[in-house]
Amino acid sequence: HRSKEFTQQHRRVLSDPRAVTGFRPQLKEMVYQVVIDRSSGSHMWDLDGNEYVDTLSGFGCSLFGWQPQFATDAAIAQIARGHEIGPMSPLAAEVAELVCEMTGNERAAFCNTGSEAVMGCMRIARTVTGRDTIAIFNGSYHGIFDEVIVRGTKKLRSVPAAPGILPSTAQNVLILEYGDPAALDILRERGHELAAIMVEPVQSRRPELQPKQYLHDLRKIADDCGAVYIFDEVITGFRCHPGGAQAYFDVRADLASYGKVIGGGYPFAVIAGKSKYMDALDGGFWEYGDASVPTVGVTYFAGTFCRHPLALAVAKAALIHMKEQGPALQAGLNARTAELAAELNAFFVSVRAPLEVRYFASLWKVFWTEEQPYGDLLFYYMRDKGIHILDMFPCFLTTAHSAADVAAIVAAFKESVMELQTSGFLPGGDIALAPVAQAVVAGEPPVEGARLGRDQQGNPAWFVRDPNDSAKFVRVVHV
């Protein structure tokens, strides 16, 4: 594989954390990322020319597949016009108008990544309230800056969750259990010290937890104690509904962070919310020709590449595309994802495989229902069958995924699970076995297309697909 050769060749100079993801000595020779040479829609091709159906979809940033025509056209047009850094682009105002129209927010500001947007929301909350503590929840992912790479303890202390992060960075973060009624009581008790309550409304690590009433309860607590209510919609924004999780669950946040989908594949993120809070970035509304002045104290938030014209141009095109398509775009994807999950879950039950697909909107994720020492092999098998997927990462459907793509994903799961079961790497199995005859398994397969596995006693044997049921294998019997 040229991807493996590429990884080894450049390891000394390229410090890439993903190149070691999933490392353990037993799998050392398979631990490398697929290196992609080109992509189009829902498909990608690696350095060897192997074709993959992409399920990761840029970790959620792709809602339309790679290089959708509207995004490519917008980028090319802007390249010809110019993409200068520093001066204001008229696109900034156009995108702000579209964001506010679609999400129901009053004002918007721009940055490059979801992490920056979340960080900005927290800074605004502390500026406006004059308080220090931000409440967040276990299982949420809010980015890579120090203050959110923390974990909670039973004594409600927060500690760094990775080396290199100072303990002091966790001192003003309160970590609670998401969906737990007891957490509501703690928030009420400590409300006087809260600058903000921040939630990932549906956690990408637990998509089955969709606590609508809980989100409304948090809204009331924030109102009662004067805390800012922040929705981290970097993943849910524009994916579950044109108005994001706020529209989906019918609850309004004070501030929200957006990213991924809105960028159309380009690095772009948004802070949006009520003017009362967004004014902390620029002092609020004032006019020329009279005595008005900025009336609100401001914090500092900036970045050289914020409002990059190329990213703005593609974001504008993505927003217009979603506006024209309407809620049916997301509703259709959500329904297709539910169908995918239902088919796979029914299969897992039928073959007694300890797996389950859990999902929200067009985000879906594979979970083991019991610990499996060789479970990570499933994802290697999937990649070998042309599905771009990573061990236990969330997956996403896009408008570029065809019915054939979804069928290929389902087929790869079924084949991989059954092969792992026949090889003894996974428990379960509902494989139709022909009468067993003694045979020596060695050398070439006895018939074309046969695959080596293990029978119910654990002995090596050859199997072929059942001609009466393509979802099953039968043992090749030698006579």
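**View 1. Strand 10 has both of its faces covered.** On one side Val228, Ile230 and Asp232 are buried, and on the other side Tyr229, Phe231 and Glu233 are buried as well. The model shown here and in the other views is predicted. Strand 10 spans residues 228-233, and six of its six residues are buried, so the strand is largely enclosed by the rest of the structure. In a regular strand, side chains point alternately to one face of the sheet and to the other.

**View 2. Strand 9 pairs with strand 10.** Strand 9, residues 194-199, runs parallel to strand 10, and four bridges join the two. Within this pairing, alanine 196 lies opposite valine 228 of strand 10. Between the two strands the chain passes through helix 6, residues 212-225, in a β-α-β crossover that is right-handed.

**View 3. Strand 10 also pairs with strand 11.** Strand 11 covers residues 255-258; four bridges join strand 10 to it, and the two strands run parallel. Phenylalanine 231 has alanine 256 in strand 11 as its bridge partner. Here the chain leaves strand 10, goes through helix 7 (residues 244-249) and reaches strand 11, and this β-α-β crossover is right-handed. Phe231 is among the buried residues of strand 10 shown in View 1.

**View 4. Strands 1, 2, 3 and 15 form an open sheet.** The order of the four strands is 1-2-3-15, and their pairing is mixed. Strand 1 (36-40) and strand 15 (387-388) are at the edges with a single partner strand each, so one side of each has no neighbour in the sheet. Backbone hydrogen bonds pair the strands of a sheet, in either a parallel or an antiparallel way.

**View 5. Strand 3 meets strand 15 in this open sheet.** Two bridges join strand 3, residues 51-54, to strand 15, and the two strands run parallel. Aspartate 54 stands opposite histidine 388, which belongs to strand 15.

**View 6. The largest cavity has a volume of about 140 Å³.** Its lining is made up of 14 residues, and those closest to the cavity centre are Thr21, Gly22, Tyr380, Arg383 and Leu390. Seven residues of the lining are nonpolar, three are polar and four are charged. In total, three cavities of 30 Å³ or more are counted in the model. Empty space of this kind is found by rolling a probe the size of a water molecule over the atoms.

How values were computed
Residues numbered from 1 in each chain as written. Predicted model: local features only at pLDDT ≥ 70, side-chain atom pairs only at ≥ 80, totals over all residues. Heavy atoms only, no water. 1 Å grid on protein atoms, 1.4 Å probe; cavity = no way out; pocket = protein on both sides within 12 Å on 5 of 7 lines; lining within 4 Å. Points joined across faces, edges and corners; volume = space filled by probe spheres on them. Nonpolar A, V, L, I, M, F, W, Y, C, P; charged D, E, K, R; others polar. Buried < 20%, exposed > 50% of the residue type's maximum accessible area, 1.4 Å probe, protein only. Pairing = 2+ DSSP bridges. Right-handed = clockwise from strand over helix to strand, strands pointing away.
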